[in-house]
Amino acid sequence: MADTAETKPIETAVEAAEGGEKGPSKNELKKRAKEAEKAKKAAEKQAKQAELAKQQAAAEVDYAQAFYGRQSLNQSQSRPGRPRTQIAALNPNMDGQEVLIRARVQASRAQGSKMVFLNLRQQTDSVQALLSVTSEKVSKQMVKWAAGLQNESIVLVEGLVTKSPEIIQSASVGDVELHVSKIFLISDLTRRLPFSVEDANRPETEISSAEDVQYKRVLLDTRLNNRVIDLRTQTNQAVFKLQSAISHLFRDYLDGLGFIEIHTPKLQGAATESGASVFKVDYFKGSAFLAQSPQLAKQMAIAADFERVYEIGPVFRAENSFTHRHMTEFMGLDLEMAIEEHYHEVMELLDSLFKHMFSGLREKYKKEVDVVRKAFPADEFKWREGPEGTLKLTFREAVDMLVADGVSREDLEDIDTENEKRLGGLVKAKYDTDYFIIDKFPLALRPFYTMPDPEDPTLSNSYDFFMRGEEILSGAQRIHDPALLIEKMQEKGIAPESMTPYVDAFRMGCPAHGGGGIGLERVLMLFLKLNNIRRASLFPRDPKRLEP
């Protein structure tokens with residue numbers, strides 16, 4: 001049987017030759033047979049190796065399985081009271097200390113199967129963490145699992161603070177790193193990120209100057225449509241810490257001067273200001289209006305002998321405007337105070353308040369300002385701090401500056417946005433300040449409750465404050481005489497009987513008083529030069545945006 005099998009290919013080849021068809025030679029057939037046998041043996045060897053590897057993996061014990069994995073859902077099952085450490089607190093003096101940190105995974109980078117680097121983030125701070133295979137402590141399985149964590153996952157990490165031999169540039173805390181011994185997943189992602197936090201945090205200057213790398217640019221609308229992710233960037237964490245700081249500095253200063261904080265209603269029976277920029281809403285069987293400011297209520301508080309009041313609260317303006325500085329809802333910082341002799345008492349107090357806020361931001365929040373500067377490079381905000389005091393111009397002086405720069409006087413009955421910016425540039429060039437005040441506005445440009453100038457009835461005891469050539473406060477002495485108030489209301493086409501409770505407050509006696517209203521987001525935008533007010537609002541509202 002063996003002989004027959006061996007001679008059959010040869011016979012076939014001979015037959016093929018005799019029939020005129022040339023087949024493979026004997027040597028070719030032998031060569032093919034050898035190659036087939038070799039391939040068979042290689043396949044068998046590979047299968048045996050795969051099986052052996054499988055058996056070895058199955059037999060290998062994950063000695064670190066208690067040190068990593070998904071943590072059970074926190075339903076407040078227990079409270080062991082283990083202290084947590086903030087990334088911002090890490091420093092080289094803690095070298096060798098064990099810490100417990102809850103943070104987000106901002107980025108991960110595996111090096112082979114035995115090492116992975118994680119960038120852990122808390123608000124504006126980040127630190128590099130390292131997992132490397134260590135006998136009885138960190139297994140290959142643990143490293144592999146950690147390397148697979150999604151960016152933006154929340155983890156609870158335990159590890160050793162280790163002084164870094166050189167500054168780690170990819171982390172804000174760069175003089176130490178964390179050598180991880182335990183890591184547990186607290187919260188992961190169940191949907192794909194619309195963009196990476198790293199891309200959203202990248203400065204525009206870095207994107208536009210990159211030559212070898214093509215970075216993704218995250219547009220403002222995309223950011224606002226996915227605001228929760230956008231707010232996680234270190235830039236935005238700093239922006240809104242600074243927003244909080246402005247409110248705190250505002251409160252702190254006024255509390256120290258005997259002001260009290262009040263809370264006024266945002267549903268009103270009449271429009272606070274003249275004009276059509278008011279939201280009308282259904283109110284049971286009638287109508288109501290969303291407050292354009294707390295103006296009426298804070299004046300009535302002065303009539304009620306509160307003397308000095310302030311409020312931080314929402315303001316609503318039904319302005320169909322799509323500029324970089326307007327929103328339909330914003331936070332107002334308002335104050336009102338009794339006057340003893342002259343309305344400049346109020347103007348000067350407001351000036352001191354602003355300088356207190358500016359210096360507080362510069363001195364107490366330098367870290368946050370520097371974080372924002374990386375994303376929004378800008379000249380440091382300047383104001384006069386010497387004995388010369390804040391620059392104060394009258395409206396006429398401001399107009400004269402613009403006329404001297406080529407603007408037609410006929411176009412300056414009011415100073416519009418474009419000319420405000422132009423004036424800001426002129427002031428900066430001449431006086432080297434980003435902050436100034438304009439006093440004595442024409443009465444026709446101000447609301448009905450503004451006190452006329454005693455010398456020139458076409459002017460008013462009113463003022464606006466400016467930052468980088470944009471208005472950030474409007475204020476004035478208010479009319480406290482009921483007869484004059486009624487006269488001015490009628491001149492503006494407002495029926496006094498439509499605001500009877502407000503007018504009655506002055507009929508029962510009220511001291512001279514004045515105040516002002518500040519736009520919180522606008523101050524923040526201009527101090528940091530964010531270029532768009534929506535960046536200074538947590539969840540901005542404009543004519544086309546009602547969510548998120």
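## A buried salt bridge and its surroundings

Both Asp-199 and Arg-202 are buried in this model, which is a predicted one. Their side chains meet in a salt bridge, with 2.7 Å from N to O, and this pair is one example out of the 34 salt bridges that the structure holds.

**Salt bridges elsewhere in the chain**

A further salt bridge is formed by Glu-311 and Lys-266, whose closest N and O atoms are 3.1 Å apart. This pair links distant parts of the chain, since Glu-311 lies in strand β11 (residues 308-316) while Lys-266 lies in the loop between β7 (260-261) and β8, 45 residues apart. Glu-311 has a relative accessible area of 5%, and because buried means under 20%, Glu-311 counts as buried. Lys-266, with a relative accessible area of 19%, is buried as well.

Asp-504 and Arg-507 also form a salt bridge, and here the closest N and O atoms are 2.6 Å apart. Why are Asp-504 and Arg-507 separated by about one helical turn? The two residues are 3 residues apart in helix α15 (residues 500-507), so about one helical turn separates them. Asp-504 counts as partly exposed at 27% relative accessibility, and Arg-507 is partly exposed too, with a relative accessible area of 49%. In addition, salt bridges that share partners join Lys-298, Asp-334, Glu-336 and Arg-478 into one network.

The table gives the three pairs described above.

| Salt bridge | N to O distance |
|---|---|
| Asp-199 and Arg-202 | 2.7 Å |
| Glu-311 and Lys-266 | 3.1 Å |
| Asp-504 and Arg-507 | 2.6 Å |

**Strands and their partners**

The protein chain contains 16 helices and 17 strands, and two groups of strands are followed here. In the first group, strand β3 (residues 115-122) has 7 of its 8 residues buried, so this strand is largely enclosed by the rest of the structure. Strand β2 (residues 98-111) pairs with β3 in the antiparallel sense over 7 bridges, and within this pairing Gln-111 stands opposite Met-115 in β3. The hairpin of β2 and β3 has 3 residues between the strands, and in this hairpin Gly-112 takes a positive phi near 70°.

Strand β3 is also joined to strand β4 (residues 125-132), by 8 bridges, and these two strands run antiparallel. Which residue of β4 is the bridge partner of Gln-122? The partner of Gln-122 is Asp-125. The hairpin of β3 and β4 has 2 residues between the strands, and Gln-123 takes a positive phi near 50° in this hairpin.

The second group is an open sheet of 3 strands in the order β8-β10-β9, with antiparallel pairing. Strands β8 (267-268) and β9 (280-283) stand at the edges of this sheet, and each has a single partner strand, so one side of each is left without a neighbour in the sheet. Strand β8 is joined by 2 bridges to strand β10 (residues 286-290), and the two run antiparallel; in β10, Phe-289 is the bridge partner of Gln-268.

**Nonpolar cores**

In soluble globular proteins, nonpolar side chains tend to be buried together. In this model the largest nonpolar core has 57 residues, of which Phe-250, Leu-335, Phe-354, Tyr-435, Tyr-463, Phe-465 and Met-467 touch the most other members. If residues up to four places away in sequence are not counted, the residues that Leu-335 touches include Leu-254, Phe-259, Val-309, Tyr-310 and Val-346, and also Lys-298, Gly-515 and Gly-516. A second, separate core of 29 residues includes Ala-64, Val-99, Val-157 and Leu-185.

**The chain as a whole**

The protein chain has a radius of gyration of 36 Å, whereas a compact globule of 548 residues would have one near 24 Å. Along its principal axes, the C-alpha trace spans about 130 × 65 × 60 Å. Of the 548 residues, 46% count as buried, and the chain exposes about 29700 Å², of which carbon and sulfur atoms supply 50%. How many of the contacts between residues at least 6 apart in sequence join residues at least 24 apart? Among these contacts in the protein chain, 68% do so.

Technical notes. Residues are numbered from 1 along each chain as its sequence is written. This is a predicted model: local features need pLDDT of at least 70, side-chain atom pairs count only at pLDDT 80 or more; totals for chains, interfaces and linings use all residues. Side-chain values use heavy atoms; hydrogens and water are left out. Two strands pair if DSSP finds at least two bridges between them. Helices (H or I, at least four residues) and strands (E, at least two) are DSSP runs, numbered from the N terminus. A salt bridge is a side-chain nitrogen of Lys or Arg within 4 Å of a carboxyl oxygen of Asp or Glu. Buried means under 20% relative accessible area, exposed over 50%, partly exposed in between (1.4 Å probe, protein chains only). A nonpolar core is a set of buried Ala, Val, Leu, Ile, Met, Phe, Trp, Tyr and Cys residues joined through side-chain atoms within 4.5 Å. Contact means heavy atoms within 4.5 Å. The radius of gyration is taken over C-alpha atoms; the globule rule is 2.2 Å times the number of residues to the power 0.38. Accessible areas come from the Shrake-Rupley method with a 1.4 Å probe; for residues, only the protein chains shown count as cover.
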